[in-house]
Amino acid sequence: MEGVVKDDFGHIETFISRSEKDRTKMAVSEKGRLAITDYKVVKRFKEFTFCEFNLKTGRTHQIRVHAKYIGHPIVGDKEYGYKNQKFNLKGQLLHAGKLEFVHPSTKKLVSFSCDLPEYFNEVLIKIK
């Protein structure tokens, strides 16, 4: 995330809906759908914070909207963050390390995990 997140962990509970200013984006809104995100700081750097997110709901762009809402947009996110980015990325530094859900047909819990992609690790090395 951009900047240094002060608290070691946090709970964000808002409502998210389509932005009234830009219909291609989502935004925190009083008339949206409930969105709940928990986060914890993994590591702080001079100008950035590496965090893990745990979504309690699944809203479109939820992590990106909530990160912006708390004043720490996702690194590389030109849509919800800063237009001028410090790194030449093709996307955001946002990665689903683990996904779990109850399969709709089998009703069994399924889990998938994946290591950080190389470009993500390269940025982490640069900011150390």
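Contact here means heavy atoms within 4.5 Å. With that in hand, the packing of helix α2 in this predicted model is a good place to start. The helix spans residues 118-127, and Phe120, Val123, Leu124 and Ile127 are its buried residues to note. These four share one side of α2, because they cover an arc of only 100° around the axis. An α-helix has 3.6 residues a turn, so residues three or four places apart point the same way. Glu118, Ile125 and Lys126 are exposed on the other side of α2. The partner of the buried residues is strand β4 (49-55), against which they pack.

Phe120, Val123, Leu124 and Ile127 also belong to the largest nonpolar core, which has 10 residues in all. Among its other members are Phe45, Phe48, Val75, Phe87, Leu89 and Leu93. Leaving aside residues up to four places away in sequence, Leu124 touches Phe45, Phe50 and Leu116. A separate core of 9 residues lies apart from the largest one and includes Tyr39, Val41, Ile63 and Ile74.

The sheet comes next. Its 4 strands follow the order β2-β1-β3-β4, forming an open sheet with antiparallel pairing. Strands β2 (26-28) and β4 sit at the edges, each pairing on one side only. On average, neighbouring strands of this sheet are turned by 45° against each other, direction ignored. Between β3 (residues 33-44) and β4, the antiparallel pairing extends over 7 bridges; Val41 has Cys51 of β4 as its bridge partner. Helix α1 (residues 62-69) lies across β1 (9-18), β2, β3 and β4, and runs at about 115° to β1.

Technical notes: Residues numbered from 1 in each chain as written. Predicted model: local features only at pLDDT ≥ 70, side-chain atom pairs only at ≥ 80, totals over all residues. Heavy atoms only, no water. Buried < 20%, exposed > 50% of the residue type's maximum accessible area, 1.4 Å probe, protein only. Helix = DSSP H or I, 4+ residues; strand = E, 2+ residues; numbered from the N terminus. Arc of directions from axis to C-beta. Core = buried A, V, L, I, M, F, W, Y, C linked by side-chain atoms within 4.5 Å. Pairing = 2+ DSSP bridges. Axes fitted to C-alpha atoms, helices over the stretch in contact; angles between N-to-C directions.
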